[in-house]
Amino acid sequence: MVEGRNRHGEHSPPRFSRWWVGAVSRLMLTPELREAFLGDLDEDFRQRVAMDPRRARASYRLDAWRSTAALIRRPARSITTASQAGEPAMSLFLEDLRLAANNLMRAPGFSLIVVLTLALGIGSVTAVYTLVDGVVLRPLPFDDPESLVAVWGIDAKTGAGRFTSSYPDFEDFRDRSKSFERLAAAQAFPANVAGIQERPSRLTVGRISHDLFDVLGTDVLVGRELEPTDDVRGAEPVVVIAESIWRRELGGGEGGDEGGGGSGDEDDRAAVLGRTLTIDGIAHTLVGVVRNPQYPQEAEIFTALELQPGTEHRGQHSFAVIGRLAPEVSALTATADLARIAAQLGEEHGGENLSLSARVEPLHESMVGSLRQPLTLLLGAAAFVLLIACANISNLLLHRAARRSREVATRAALGASTGQLLRQFLAEAVWLVSGGGALGFVVAWLGKEIQLQRIPTTLPRAEEVALDGRILGFGVALTCVVACAFAIMPLIEVARRDLFAQLGAGARTQGATSRRQTLRRGLVVAEVSLAVVLVVGAGLMIRTMQRLADVDPGFVADHTVVMPLQLQTPFVSKEWPQTVEFFDRLNERIAALPGVAGVAVAYQDPSDPGWESSFTIEGEPEPEEGQRPEVGWRPVGLNYFRTLGIPLLQGRTFEPSDDSENAGVVIVNQAFLARHLPDEPEPVGRLINKGSWWLPEIQQLRIIGVVGDVKFSGRDLSAQPAFYFSHRQFPVPQMKVVVRTAGEPTAREPLAIADALRQAVWEIDPELPIGPITTLQEKMASTLAYRSFLTQLLSFFGASALFLSALGLYGVLAYSMSQRTREIGLRVALGAQRPDVIHLVMSQGLKLTVVGLVLGLGGAWAMTRYLQSVLFGVDRSDPLTLLSVVGVLLAVSLLAAWVPTQRALRIEPTRALQEE
Amino acid sequence: MNHRLRDLEYTLLLALLRLGDETYGVPIRDEIAARTGRTLSLGALYTTLDRLEGKGFITSRMAEPTAVRGGRRKKMCRLTLAGQQALSTTWVFQQRMTEGLEAQLSDLRSMTAGGDHG
């Protein structure tokens with residue numbers, strides 16, 4: 001069939017335009033007019049086709065659209081006179097819409113306030129929903145995400161904890177359990193990678209067992225994925241990369257869409273295979289490109305796990321285990337299965353395995369479960385803002401209905417039915433809500449952008465947050481609900497026919513007015529109480545942030561930058577003396593830089609909780625098998641404590657002679673003494689036996705000093721016991737250089753030295769990759785990022801709520817004053833003084849506020865329960881917060897009453913009494 | 001009836017007067033287009049006809065269906081007496097307002113040559 005012709009080969013009008021104009025005319029014209037109109041359109045088309053078929057179609061389209069505009073602007077008269085029998089209700093409503101638009105245009109202030117208020121409400125909710133949807137609700141971006149699970153180690157006795165697994169444990173789980181279709185292990189770690197970018201760079205590498213991609217359902221784009229033969233010891237080292245890094249860094253996939261490639265493209269694609277990537281000094285051959293696995297973490301480079309050193313220890317719990325459940329197996333069954341195997345392992349291997357069991361939980365839950373509550377909380381807060389906005393708008397509509405009561409009454413008297421009046425209100429609501437909804441989307445989009453900027457970088461799945469069709473659907477549904485909610489208020493009014501009762505000069509029916517006033521006051525009280533809940537929430541969070549800022553972390557974070565380094569390049573081999581020498585030279589160079597007040601190296605900076613391992617204390621009773629205590633271990637270089645301002649309380653700090661030639665030494669912190677040697681008056685000199693770990697030559701360490709506690713895991717957590725080792729006795733090549741600068745405390749100042757630091761490194765080894773240089777302040781802020789994010793959003797919602805409810809209060813008072821002009825005038829005439837008038841207005845406002853406050857504080861007590869887990873150093877009944885909220889609310893309500901009071905004071909008794 | 005017409009109504013009634021007797025949408029539109037170069041949309045034409053009928057300036061009847069119109073009937077319109085009066089009222093009104101301005105208006109027309117009607 002040729003385009004534009006029907007099945008007889010004749011030319012026919014454009015199909016869509018024809019359908020469209022048919023639909024519009026059905027609504028806007030009477031059947032006869034419509035018939036004639038469509039007939040004319042056809043006739044005209046046929047005339048034109050004879051001359052030029054193409055232009056005939058174009059002209060039909062043009063006519064259809066212009067006619068649409070004409071019909072909507074000015075429907076046929078019989079449509080506009082409504083009550084004609086047999087008319088489609090829709091065309092009546094379109095006319096109502098037209099009238100409503102005119103009415104609203106005549107009250108631009110009212111319309112604008114309503115639309116903006118709504119936009120704020122709908123926008124807030126939609127923006128937060130975007131976040132909740134992206135992070136929590138949306139299924140994980142893996143194949144059949146429902147059956148994916150994470151396996152966590154737990155304490156066998158208490159069931160508490162969430163530990164990663166050791167590789168041998170993982171292998172036993174995999175080989176002995178029947179609950180899983182597949183089980184894979186993965187670990188993400190930063191490594192020096194050469195062969196991707198021009199200079200070797202520090203990138204996150206995923207060490208994975210070969211079947212991780214099978215578990216996740218990751219597609220292979222080029223070459224192959226890892227095979228079972230790749231993760232056996234002694235296998236040729238191979239590497240697989242993600243599509244994202246392939247496209248970004250290696251020019252992969254250019255010159256042809258995926259899937260549409262011919263054989264030429266295939267050759268181009270395969271060009272990347274065989275490339276050599278050097279990862280931490282070991283050459284790997286690139287064998288494949290896979291679609292972005294998005295696991296583990298943000299890794300884009302994947303190597304086989306078995307090849308790595310350290311995988312053979314049952315004591316090294318550093319692998320995340322994920323799996324796909326076998327059909328018909330639940331996470332609970334799988335947990336029972338693994339618990340059984342864990343018990344076997346305890347019997348077989350003793351040691352730490354005695355105290356370990358396992359738990360299987362859905363991967364989705366495992367990744368975002370802890371976020372559900374805070375995000376739901378935010379969504380609830382945003383919903384409160386929307387509710388307040390709705391209450392406010394209902395109030396405005398009531399106000400407007402009251403003002404227009406004469407007009408409405410007249411129309412009713414002239415024969416407009418209740419139904420017509422209702423339609424009129426509904427039509428106005430439709431305009432207002434769609435305006436507010438549309439603007440709300442703009443607000444939501446802005447809100448999303450702002451949220452994404454402030455979102456904690458640790459938030460999983462942040463990259464999946466997007467405003468899409470689902471969100472749009474949510475917003476539209478929300479808008480519809482709001483529209484219905486609104487129409488209800490004026491409907492109640494109309495249904496009561498209060499409005500009609502007002503026809504006739506001055507016939508103000510007292511009952512109707514006071515009923516309406518009660519309704520309006522009720523709405524304001526509701527607004528105030530919702531606002532109180534939000535403001536209390538925000539207040540508690542702000543207090544929490546203050547408390548956290550007051551906590552002494554145990555070290556000085558100002559003016560300090562951290563530069564991560566890992567020595568694995570040819571210049572500095574893994575031979576120990578060279579590593580020590582390298583750091584000595586680097587220290588010297590950096591110390592000599594202008595503006596440097598101190599420099600030290602450390603395996604972890606003080607904001608990093610690091611790893612723990614077991615030990616025993618010589619002379620103390622031997623703990624039971626599997627019950628050995630663990631402690632954080634922290635290799636540090638010379639001057640570490642002085643550079644970071646960590647106080648030395650007893651003994652001495654490390655000296656250059658604390659090296660591998662001499663006896664092992666350790667410095668402990670107060671928390672260690674408090675937990676493990678509480679009654680020891682003279683801890684310096686006690687001997688520590690190392691547990692099942694690393695230090696190659698040293699078996700025993702003598703305590704040489706005691707230092708102050710540092711809150712490694714964040715200011716909100718208590719200090720944990722720690723061992724500090726001398727770097728010269730502890731051969732790790734992966735160290736951070738901590739530099740303290742001497743300068744005025746400005747925000748960016750410590751980073752000004754970053755270039756000089758890089759230069760100092762590259763003067764010794766031009767090939768050495770340098771990790772991202774950050775300030776210690778930034779790193780510490782990131783541990784508070786969650787709370788800070790919550791605080792910011794809650795504060796925003798609290799402020800919006802406060803503003804909207806103040807607006808509502810103002811509206812009610814202003815209206816009430818306008819109704820009481822006569823009464824006030826009379827009072828003034830009878831001798832009432834200014835204070836009496838002020839009291840009259842203010843007391844009305846205060847009454848509403850106080851009722852709202854009491855209800856709101858009750859509500860806040862119920863709601864802040866959900867905030868408990870993020871509060872710090874402040875109880876949810878914190879008197880300071882609650883008193884501040886009361887104070888703020890009262891102040892805001894007085895402010896809202898100010899204008900109406902002033903207006904009341906200006907009332908002149910003679911004028912007021914003449915009115916009406 | 002002393003009624004002045006809106007611009008579009010006036011135009012339509014004039015077209016009906018020109019076409020004489022009974023006529024319908026397509027010829028009316030063609031007539032206006034041929035004289036002024038302005039093509040109305042059929043939608044605008046029909047809503048205006050409807051309004052004119054409401055005011056009693058035209059009457060109409062539905063004619064027999066024809067094939068060229070997809071089997072649809074024409075709405076045949078005819079000027080009523082009231083319509084004729086309204087036409088003349090408006091015409092007289094305009095005449096009075098333009099009386100003595102012919103030369104100036106003609107100048108204006110040449111200045112704004114090609115300026116659209118209405």
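## Helix α4 of chain B: does the length add up?

Let's start with a quick check on helix α4 of chain B, which runs over residues 81-98. Its 18 residues, at 1.5 Å a residue, should span 26 Å, and the end C-alpha atoms are indeed 26 Å apart, so the two values agree. Keep in mind that this is a predicted model.

Just past α4(B) comes Gly100(B), and its phi is positive, near 80 degrees.

## Two sides of α4(B)

Which residues of α4(B) are buried? They are Gly83(B), Ala86(B) and Leu87(B). These residues take up an arc of only 100 degrees around the axis, so they sit on the same side of α4(B).

What covers them? The cover for the buried residues of α4(B) includes α1 (7-19), β1 (58-66) and β2 (72-79), which belong to chain B. Now flip to the other side of α4(B): here Leu81(B), Ser88(B), Val92(B), Gln95(B) and Arg96(B) are exposed.

## A helix pair in chain A

Over in chain A, helix α7 (residues 167-176) packs with helix α11 (residues 331-349). How are the two arranged? Their axes are 10 Å apart and make an angle of about 125 degrees. Angles from 65 to 115 degrees count as roughly perpendicular and those over 145 as roughly antiparallel, so α7(A) and α11(A) are oblique to each other.

The crossing of α7(A) past α11(A) is right-handed. On the α7(A) side, the contact is made by Asp169(A), Asp172(A), Phe173(A) and Arg176(A); α11(A) brings in Leu338(A), Ile341(A) and Leu345(A).

Note on methods: Residues are numbered from 1 along each chain as its sequence is written. Chains are lettered from A and ligands numbered from 1 in the order in which they are written. This is a predicted model: local features need pLDDT of at least 70, side-chain atom pairs count only at pLDDT 80 or more; totals for chains, interfaces and linings use all residues. Helices (H or I, at least four residues) and strands (E, at least two) are DSSP runs, numbered from the N terminus. The expected span of a helix is 1.5 Å times one less than its number of residues. A residue is buried if 20 or more other C-beta atoms lie within 10 Å of its own, exposed if 12 or fewer, and partly exposed in between; C-beta atoms are placed from the backbone. The arc is that of the directions from the helix axis to the C-beta atoms. Two residues are in contact if their C-beta atoms, placed from the backbone, lie within 7 Å. Axes are lines fitted to C-alpha atoms, for helices over the stretch in contact, and angles run from 0 to 180 degrees between N-to-C directions. Angles under 35 degrees count as roughly parallel, over 145 as roughly antiparallel, 65 to 115 as roughly perpendicular and the rest as oblique. A crossing is left-handed if the near helix is turned anticlockwise from the far one by less than a right angle, and right-handed if clockwise.
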